[in-house]
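User: Could you take a close look at one part of this structure for me? I'd like to hear about the bigger sheet and whatever packs around it, in plain bench language.

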Amino acid sequence: MDYIASEKGDSTENRDPNSLISNGTSKSAIDSKSIAEDDKSHMEASAETAACSSESTEESELCEIPEQVEFTIVFNKVKHEISFAYDATVLDLKAHLERITGVPLSAQKLIVKGMAKDTMTLRNAGIVKGGKVMLVGSKMDDILAVKSVPKELVEDKASSQTSKEPLCMQKIHRKVLDKGIPPDVMPGIKGVKEPLPPVPLSGMLNKHGGKVRLTFKPEQDQLWLGTKERTEKLAMTSIKSITSEPIKEHEEYHIMGLQLGPTEASRYWVYWVPAQYIEAIKDAVLGVWQFF
C-alpha cells in the first residue's frame, strides 16, 4: 500500500496518526498527565473524606453533651445559681442540692409550679432558663435539734398516755365540743384519706370557740392560722408534732393539736377538723420528720 505524503513531509508523526494530538502534544504525554490528574483527584477525595470523618467525629462528641438549663434555687432567702442537665430528673437535682445546701435529699421539696416529683425531668417539671425554684427543707443540724425532745415534753406525753381518757371527753375540750358541729365547717368523711384541697380548711374552732382556718403555704414553708382578729404565720419547722383523735359519735371529725413548744400549754388545739385531711396535714407540715 502506497503512503500519501502530506504538505509537511513524510515524517514519523504523519505516518502514525495516533502519535500526535491536534495541538502538537504527544499521546504519551497526555496519558501521563491523565494519570497524574487521576492521582491528584484521588488524593483530594481522600482528604475530603478524612475531613468529613473528622467533622462527623467532632459533631458526635458535641452531641454527647446534654442540654443545660440555668436557673436559681432559693433556700432560706439565699440564692444559688444552678446550671444542670435539662433532661436530668428532679431526684438527680436534689442529690446535687444536698451537697450545696446541706439539706438531705429525702427532706427536700422543690416548688416550681407546685411540688416537683422526683421522677420528673427538669424540663417536664416546668423549670425554665432564668427561672426560680423554691427549696423547702431542713438541714441535718435542725433535724437533730427537733429530735432532741425536751424532758418536759416527754413527761407530758407520758402523762397523757397514762390517762386513757379520750381527748373529746376531757373537760378542757368539752367546753368547745358541746357547742356542736359548726354550721359552716367543711364536710368530714370517716375512714378516707384525701389530699389537701386547693382552698384553706375553714369553719373549724380554736380553744376559745372562735372560727379558725388553716392555709398551707409550702412554697414559703409556712402554715397560716387565721382567725377573725388576725392571721398568724407559723414556720412549719416550728411545729414539733401533731396530735389528733376522732371525736366520739362524730368520727368524721377530729380534735387536732399542733405542738408549738415544749409543754402541753404550748399546744394549739383545732376542733372539727375533717378526718379525711388529717394525714395530708401531717405530711404537709411534718414531711418525712414525722417518721423519725
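Analyst: Here is a walk through that sheet, its helix and its core, with a short stop at the other sheet for context.

Keep in mind that this is a predicted model. The sheet you're asking about is an open one with seven strands, and going across it the order reads E8-E7-E6-E5-E11-E10-E9. The pairing is antiparallel. At the borders sit strand E8 (231-235) and strand E9 (241-247), each with a partner on one side only. Ignoring direction, neighbouring strands are turned by 30 degrees against each other on average.

Let's start with E6 and E7. Strand E6 covers residues 211-217 and strand E7 covers residues 222-226, and five bridges join the two. If you want a spot to click on, find Arg 213, which stands opposite Gly 226 in E7. There's also a charge-over-ring arrangement to look at: Lys 217 lies over the face of Trp 224, at 4.7 Å from the ring centre. The loop between E6 and E7 holds Asp 221. Asp 221 isn't a glycine, yet its phi is positive, at about 55 degrees. With a relative accessible area of 19%, Asp 221 counts as buried, because the cut-off for that is under 20%.

Now move over to E11. Eight of the eight residues of E11 are buried, so this strand is largely enclosed by the rest of the structure. On one pairing, two bridges join E5 to E11, and Asn 206 has Val 270 in E11 as its bridge partner. On another, E10 and E11 pair over seven bridges, in the antiparallel sense. Here Gln 259 stands opposite Arg 267 in E11.

E11 is also home to Trp 272, which deserves a look of its own. Its phi is near 65 degrees, a positive value in a residue other than glycine. Trp 272 forms an aromatic pair with Tyr 253, edge-to-face, with 5.8 Å centre to centre and 75 degrees between the planes. The count of aromatic pairs comes to one. Tyr 253 lies in strand E10 and Trp 272 in strand E11, so the pair ties together parts that are 19 residues apart in sequence. Both partners are tucked away: Tyr 253 is buried at 6% relative accessibility, and Trp 272 is buried at 2%.

What packs on this sheet? That's helix H8 (residues 278-286), which touches strand E5 (201-206), E6, E7, E9, strand E10 (250-259) and strand E11 (267-274). The direction of H8 makes about 175 degrees with that of E9. Seven of the nine residues of H8 are buried, so the helix is largely enclosed by the rest of the structure. Among the buried ones are Ile 278, Ala 280, Ile 281 and Val 285, and Lys 282 is on that list too. Right after H8 comes Gly 287, with a positive phi near 60 degrees.

The helix and sheet share a nonpolar core. In soluble globular proteins, nonpolar side chains tend to be buried together. The largest core in this model has 35 residues, and the members touching the most others are Phe 216, Ile 281 and Val 285. At least two residues each come from helix H7 (171-177), E5, E6, E7, E9, E10, E11 and H8. E11 gives the most, with six residues. For a view from inside, pick Ile 281: leaving aside neighbours within four places in sequence, this residue is in contact with Leu 196, Leu 201, Phe 216, Ile 242, Met 256 and Val 273. A second, separate core has 21 residues, including Ala 85, Val 103, Leu 110 and Ile 127.

Finally, the other sheet. This one is open too, with four strands in the order E2-E1-E4-E3 and mixed pairing. Strand E2 (78-85) and strand E3 (109-111) are the edge strands. Neighbouring strands here are turned by 35 degrees against each other on average, direction ignored. Strand E1 (residues 68-75) runs parallel to strand E4 (residues 132-136), and three bridges join them; Val 74 has Met 134 in E4 as its bridge partner. Helix H3 (residues 90-101) packs on this sheet, touching E1, E2, E3 and E4, and its direction makes about 140 degrees with that of E2.

Methods
Residues are numbered from 1 along each chain as its sequence is written. This is a predicted model: local features need pLDDT of at least 70, side-chain atom pairs count only at pLDDT 80 or more; totals for chains, interfaces and linings use all residues. Side-chain values use heavy atoms; hydrogens and water are left out. Two strands pair if DSSP finds at least two bridges between them. Axes are lines fitted to C-alpha atoms, for helices over the stretch in contact, and angles run from 0 to 180 degrees between N-to-C directions. Contact means heavy atoms within 4.5 Å. Rings of Phe, Tyr and Trp (its six-membered ring) pair if their centres lie within 6.5 Å; planes under 30 degrees apart count as stacked, over 60 as edge-to-face and the rest as tilted. Buried means under 20% relative accessible area, exposed over 50%, partly exposed in between (1.4 Å probe, protein chains only). A charge sits over a ring if NZ of Lys or CZ of Arg is within 6 Å of the ring centre and within 35 degrees of the ring normal. A nonpolar core is a set of buried Ala, Val, Leu, Ile, Met, Phe, Trp, Tyr and Cys residues joined through side-chain atoms within 4.5 Å.
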